[in-house]
Amino acid sequence: MIQFIRDKRSPKPEGDLISKIMSANKAVDSKPEIKLRQGLWRTGLKGYRLHYRKIPGRPDIVFVSKKIVIFVNGCFWHRCPN
């Protein structure tokens, strides 16, 4: 049996297979995150930082001077009903 290390932020998996699937999901540069960054770039919103470590939770996109953070989280992690 494969043992995966949890960091206490993700939901507790319901079984070993679910744990394996959750561990395989990308933490950075996911498709939704890349699409959002492309959209920001296309509309001229530049000058952001990626995965800024100086802020708790390590947001995906940070406009430091504007004090704006963006977290790109999907339904998989938050167990949306859809």
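Two strands are said to pair if DSSP finds at least two bridges between them. Helices (H or I, at least four residues) and strands (E, at least two) are DSSP runs, numbered from the N terminus. The model examined here is predicted, so local features need pLDDT of at least 70 and side-chain atom pairs count only at pLDDT 80 or more, while totals for chains, interfaces and linings use all residues. Residues are numbered from 1 along each chain as its sequence is written, and side-chain values use heavy atoms, with hydrogens and water left out.

An open sheet of three strands appears in the order β1-β2-β3, with antiparallel pairing. Its edge strands are β1 and β3 (68–70), each of which pairs on one side only. Between β2 and β3 there are three bridges in the antiparallel sense, and Ile-61 stands opposite Ile-70 in β3.

Helix α2 (residues 31–42) is home to Leu-40. This leucine is buried (under 20% relative accessible area, with a 1.4 Å probe and protein chains only), its own value being 10%. Beyond residues up to four places away in sequence, Leu-40 touches Leu-45, Tyr-48, Ile-61 and Phe-63, where contact means heavy atoms within 4.5 Å.

A charged residue completes the picture. Asp-60 is found in the loop between β1 (49–50) and β2 (61–63). Leaving aside neighbours within four places in sequence, the contacts of Asp-60 include Ala-27, Ile-70 and Phe-71. Asp-60 is buried yet has no salt bridge (a side-chain nitrogen of Lys or Arg within 4 Å of a carboxyl oxygen of Asp or Glu).

Methods:
Buried means under 20% relative accessible area, exposed over 50%, partly exposed in between (1.4 Å probe, protein chains only). Lys and Arg count as positive and Asp and Glu as negative; His and the chain ends are not counted.
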